[in-house]
Structure formats: structure tokens, C-alpha cells
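Visitor: I'd like to know what's behind the labels people put on a model like this one. Could you walk me through it?

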Amino acid sequence: MCHFVRKSKGMIKSERTLKEVKQLDKFYTQQFCDRCHGSLKDGRTMSMFNEQCICMKCKEAETRREDYQKAVDADREEIKKRNWNFKGIGF
Ligand SMILES: [Zn+2]
């Protein structure tokens, strides 16, 4: 018999990135986007390029950048290397 127990409480939806692992308290309490200074009430996420807490609109704009995949790949690489100080490839 195989039992699959899900321990996470819905916090991690897909593949975990270093950004998600590192999210700081500030990240959860701040009210405005670091990039456009818009409200974060509709959701927040950490930039894949640096450690800014950004709104979903800014995130969407990020994912459309040509080097977005590069930023994601770099992030995953640093996780493998256990480099928790990696801040992203820069915005
Ligand atoms: Zn924004």
C-alpha cells in the first residue's frame, strides 16, 4: 500500500523556487508593489530577477521578458548548489 501524504497547506503550488523558499516577513506584510507602487491586494510574488516584492501585473510583465526563462533557470541552479544568497540575475 502506498500512502501519499501532502504536508504542504497549499503554499507551494508548483515547483518550488528559491524565491519562494526565501520570502521574508516583509514580503507578507508590505502593502505596495516594490516596482510600480501599486496595491498588492490582488496578489504578490517575488521578482524572479531580484528580491523585490511585486504585484501580479509586474509579474506578468516579467514573464514576458525574453530573459525570464534565464532568470528561472539561474534560480533553480542556485537551489541545486544550495546558494541561498542568490538574489537573481538582476532586473
Ligand atoms: Zn507592480
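Visitor: Why is H37 called exposed?

Guide: Count the C-beta atoms around it: H37 has 9 others within 10 Å. The rule is that a residue is exposed with 12 or fewer other C-beta atoms within 10 Å of its own, buried with 20 or more, and partly exposed in between, with C-beta atoms placed from the backbone. With 9 other C-beta atoms within 10 Å, H37 is therefore exposed. This is a predicted model, where local features need pLDDT of at least 70, side-chain atom pairs count only at pLDDT 80 or more, and totals for chains, interfaces and linings use all residues. Residues are numbered from 1 along each chain as its sequence is written.

Visitor: Where does H37 sit, and what is its phi?

Guide: H37 is in the loop between helix 2 (25–29) and strand 1 (44–46). Its phi is near 65°, which is a positive value in a residue other than glycine.

Visitor: What makes something a helix or a strand here?

Guide: Both are DSSP runs, numbered from the N terminus: helices are H or I with at least four residues, strands are E with at least two. On that basis the protein chain has four helices and two strands, in the order α-α-β-β-α-α along the sequence.

Visitor: What about R82: is it buried or exposed?

Guide: R82 counts as exposed, because it has 8 C-beta neighbours inside 10 Å. R82 belongs to the segment after helix 4 (68–80), and its phi is positive, about 55°, although it is not a glycine.

Visitor: How do you know that the length of helix 4 agrees with what is expected?

Guide: The expected span is 1.5 Å times one less than the number of residues. For the 13 residues of helix 4 that should give 18 Å, and the end C-alpha atoms are 19 Å apart, so the two agree.

Visitor: Is N85, in the segment after helix 4, buried or exposed?

Guide: N85 has 7 other C-beta atoms within 10 Å, so N85 is exposed. The C-alpha atoms of N85 and L18 are separated by 9.4 Å, with their places 67 residues apart along the chain.

Visitor: And why is Y68 called partly exposed?

Guide: Y68, which is in helix 4, has 14 other C-beta atoms within 10 Å, so partly exposed is the label. Leaving aside neighbours within four places in sequence, Y68 is in contact with M48, E62 and T63. A contact means that the C-beta atoms of two residues, placed from the backbone, lie within 7 Å. The C-alpha atoms of Y68 and F91, 23 residues apart along the chain, are 10.0 Å from each other.

Visitor: What makes R44 a buried residue?

Guide: R44 has 21 C-beta neighbours inside 10 Å, and so R44 counts as buried. R44 is part of strand 1. Not counting residues up to four places away in sequence, R44 touches C53, I54 and C55. From R44 to K59, 15 residues apart along the chain, the C-alpha separation is 8.4 Å.

Visitor: Why does C53 count as buried?

Guide: C53 has 22 C-beta neighbours inside 10 Å, so the buried label applies. C53 is located in strand 2, and its contacts, leaving aside neighbours within four places in sequence, are F27, Q30, D34, R44 and M46. C53 and Q30 are 23 residues apart in sequence, yet 8.4 Å apart from C-alpha to C-alpha.

Visitor: Which residues make up the largest nonpolar core?

Guide: Six residues: C33, M46, C53, I54, C55 and C58. Strand 2 (residues 53–55) gives the largest share of this core, three residues. A nonpolar core is a set of buried Ala, Val, Leu, Ile, Met, Phe, Trp, Tyr and Cys residues joined through C-beta atoms within 7 Å.

Visitor: How much of the protein chain counts as buried?

Guide: Of its 91 residues, 15% do. As for contacts between residues at least 6 apart in sequence, 35% join residues at least 24 apart.

Visitor: Where is confidence lowest and where is it highest?

Guide: Confidence is given as pLDDT, the predictor's own score for each residue, from 0 to 100. Helix 1 (residues 18–22) is lowest with a mean of 68, while helix 3 (residues 56–63) is highest at 97. The protein chain averages 84, and 76% of the residues score at least 70.
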